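User: I'm new to reading protein structures and would like a close look at just one part of this one. Could you pick a strand, walk me through its surroundings, and then zoom in on a single residue beside it?

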Amino acid sequence: MFSAALFATTVLLFGTYSSNGINAQSLEKITIGLNSASFGPLTSNPSVNQVKLLVDYQTKDLSLVHSTINGVMHVYAPNGTQIKTSSYPNGFTITESGIIQFATSFADPNLTSVKTNVTLTDLNKTETLSNTVGSEVSLTP
């Protein structure tokens, strides 16, 4: 009798844990992943360096397809200090899947590497719609 009660308790606890994991994943409406990242001088102005990320996305919540959303890229110095935040001024239209480009520039010649985090949001940047993708990129002359 004791072992049956222990088994039932274990199943109940495991079931609750699994359910919470599923609920947490369902909050993510779009899944993103890093396609590529680069950090180097602009061809039009070699004294300015640009970090550029291409981010793959897959829309899980199909009600978002053809709607206008936004994305935010946070850029950090190697010591973790945030040095820039950039996003799309008017957002962009999302489809079922594709690639989104994020880019920003710096005139600081001392920056030889940066860390980035990208997240997709609603148009007003108040609701997170995706996971966050991070990268570390070194300057390529």
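Analyst:

**A strand and its two partners**

Let's start with the whole protein: about 8,500 Å² of it is exposed, and carbon and sulfur atoms supply 57% of that area. Keep in mind that this is a predicted model. The protein has 141 residues, and 31% of them are buried. Its secondary structure comes to one helix and eight strands. Going along from the N terminus, you meet the helix and then the strands, in the order α-β-β-β-β-β-β-β-β. Contacts often reach a long way along the chain, too: take those between residues at least 6 apart in sequence, and 65% of them join residues at least 24 apart.

Now for our strand, S7, which covers residues 113-122. Is S7 mostly covered or mostly open? It's mostly covered, with eight of its ten residues buried.

So who are the partners of S7? One is strand S3, residues 68-76, which runs antiparallel to S7 and is joined to it by eight bridges. If you'd like one pair to find on screen, look for Gly71, whose bridge partner in S7 is Leu120.

The other partner to look at is strand S8, residues 128-138. Here too the strands run antiparallel, and eight bridges join S7 to S8. A handy pair to look for is Val114 with Val137, its bridge partner in S8. S7 and S8 also form a hairpin, with five residues between them. In that turn, check out Lys125, which has a positive phi of about 65 degrees.

Time to zoom in on a single residue, Thr132, which lies in strand S8. Is Thr132 buried, exposed or something in between? Its relative accessible area is 47%, so Thr132 counts as partly exposed, because that label covers values between the 20% and 50% cut-offs.

Which residues does Thr132 touch, once you leave aside its neighbours within four places in sequence? They are Asn117, Val118 and Thr119, and S7 spans residues 113-122, so you can trace these contacts across the hairpin that S7 and S8 form. Take Asn117: it sits 15 residues from Thr132 in sequence, yet the two are 6.3 Å apart in space, C-alpha to C-alpha. With Thr119 there's something extra to spot, namely a polar contact between its side chain and the side chain of Thr132, at 2.8 Å.

Technical notes: Residues numbered from 1 in each chain as written. Predicted model: local features only at pLDDT ≥ 70, side-chain atom pairs only at ≥ 80, totals over all residues. Heavy atoms only, no water. Buried < 20%, exposed > 50% of the residue type's maximum accessible area, 1.4 Å probe, protein only. Helix = DSSP H or I, 4+ residues; strand = E, 2+ residues; numbered from the N terminus. Pairing = 2+ DSSP bridges. Contact = heavy atoms within 4.5 Å. Areas by Shrake-Rupley, 256 points an atom, 1.4 Å probe, with all protein chains shown as cover. Polar contact = N/O pair within 3.5 Å; in protein donor to acceptor, adjacent residues only side chain to side chain.
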